[in-house]
Amino acid sequence: MSSKPYIREVPKTSWFFRQPRYMRYMAREVTSFFIGAFTLLLVVGLKRLAEGPEAFQSFLDALRGPLGVLFCVAALVAAIYHSTSWFNVTPQAMPIQRGEEFLPGKMIVGAHYAIWAVVSLIVLIMGI
Amino acid sequence: MAKSNKPIVWGLFAAGGTVTAFITPALVLLTLFAAMRFAPTMFTYESIHAFAANWLGKVIIFGVITLSLWHAAHRFRVTLYDFGVRADLVVATILYIIAAIGTISAFFSLLSIH
């Protein structure tokens with residue numbers, strides 16, 4: 001018997017380039033950076049809102065540069081990718097049993113997409 | 001058995017992931033509209049202030065911000081580990097402190113809006 005077990009070398013920082021599956025996993029994980037950054041932007045906006053109209057206006061002016069637009073576009077892509085990847089695994093995350101059978105996964109995913117559409121519509125109508 | 005904070009962290013991650021999946025794309029789209037001056041009547045101080053002054057509005061804003069922050073903090077901790085940053089305790093401490101500051105800041109901002 002060998003005294004030295006074989007240890008497969010795994011590169012610590014670039015392991016996920018090896019397989020498309022790993023790449024998709026990392027893409028899902030990276031959405032959290034944009035969700036977090038955008039939420040911190042909301043926290044700052046809320047603080048400026050509490051400070052009064054002038055403070056809020058200067059917050060809006062700062063947002064209205066090319067960087068603000070660029071960040072929003074990147075955050076939008078990340079947020080949509082988070083939503084679709086989150087809803088697509090809901091049948092595995094919370095399977096629903098009816099008697100002997102499990103509810104078809106497509107129904108669970110479809111219900112989430114339907115609620116997503118309704119919530120988005122409400123938010124957009126309230127915002128615009 | 002040793003006590004673990006995993007259920008709390010994991011619960012916030014899952015609840016936050018769901019809330020943010022439903023609501024964040026629309027919020028980002030609105031912010032993008034505001035950044036592009038898509039509609040001048042949008043994002044006025046008066047309309048947002050009125051929403052945040054209402055107690056239901058306060059609960060919604062606080063819930064969305066808190067859950068999104070803790071979801072992102074926990075997931076980004078794992079992301080950094082996967083990118084090869086192995087100082088997990090340092091990363092976790094920094095990220096959870098940022099999430100806590102955001103939570104507290106949002107709480108007091110909402111409290112001062114009447």
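A residue counts as buried if 20 or more other C-beta atoms lie within 10 Å of its own. Keep that cut-off handy for the exercises below, which work through a predicted model.

**Exercise 1. Work out what share of chain B is buried, and describe the build of that chain.**

Step 1. Apply the burial cut-off: buried residues make up 37% of the 114 residues in chain B.

Step 2. Look at the elements. Chain B has four helices and zero strands, so to speak an α-α-α-α pattern when you read along the sequence.

Step 3. Check the spread. Chain B has a radius of gyration of 17 Å, well over the 13 Å from the globule rule for 114 residues, so this chain is more spread out than a compact globule. Its C-alpha atoms fill a box of roughly 55 × 30 × 20 Å along the principal axes.

Step 4. Look at the contacts. Taking pairs at least 6 apart in sequence, 72% of the contacts in chain B join residues at least 24 apart.

**Exercise 2. Do the same for chain A: which elements does it have, and what is its radius of gyration?**

Step 1. Count the elements: five helices and two strands. From the N terminus on, they run α-α-α-α-β-β-α.

Step 2. Compare with a globule. For 128 residues, a compact one would come out near 14 Å, but chain A has a radius of gyration of 22 Å. The box for its C-alpha atoms is roughly 75 × 50 × 20 Å.

Step 3. Add burial and contacts. Buried residues make up 22% of the 128 residues in chain A. Of the contacts between residues at least 6 apart in sequence, 41% join residues at least 24 apart.

Step 4. Split the chain. Chain A is divided into domain 1 (13–79) and domain 2 (89–128), and 25 Å separate the centres of these two domains.

**Exercise 3. Find how α3(A) and α5(A) pack, and which residues meet there.**

Step 1. Get the geometry: α3(A) and α5(A), the latter covering residues 105–127, pack at an angle of about 150 degrees, and their axes are 9 Å apart.

Step 2. Name the residues. From α3(A) come S83(A), F87(A) and N88(A), and they meet V109(A), H112(A), Y113(A) and W116(A) of α5(A).

Step 3. Sort them by class: four nonpolar, three polar and no charged residues.

**Exercise 4. Decide whether P66(A) is buried or exposed.**

Step 1. Place the residue: P66(A) is found in helix α3 of chain A.

Step 2. Count neighbours. The limit for exposed is 12 or fewer. P66(A) has 8 C-beta neighbours inside 10 Å, so it counts as exposed.

**Exercise 5. Trace how the two chains come together, and what the largest nonpolar core contains.**

Step 1. Count both sides: the contact takes 45 residues from chain B and 43 residues from chain A.

Step 2. Look at the chain B side. α1(B) gives the largest share, 16 residues. By class, this side has 29 nonpolar, 13 polar and three charged residues.

Step 3. Turn to the core, which has 46 residues; among those that touch the most other members are L46(A), A75(A) and V28(B). Chain A contributes through α1, α2 and α3, and chain B through α1, α3 and α4, each giving two or more residues. α3(B) gives the most, with ten residues.

Step 4. Zoom in on A75(A). Leaving aside neighbours within four places in sequence, A75(A) is in contact with F34(A), F38(A) and V28(B).

Notes. Residues numbered from 1 in each chain as written. Chains lettered and ligands numbered in written order. Predicted model: local features only at pLDDT ≥ 70, side-chain atom pairs only at ≥ 80, totals over all residues. Core = buried A, V, L, I, M, F, W, Y, C linked by C-beta atoms within 7 Å. Contact = placed C-beta atoms within 7 Å. Nonpolar A, V, L, I, M, F, W, Y, C, P; charged D, E, K, R; others polar. Rg over C-alpha atoms; globule rule 2.2 N^0.38 Å. Domains from an automatic or database assignment. Axes fitted to C-alpha atoms, helices over the stretch in contact; angles between N-to-C directions.
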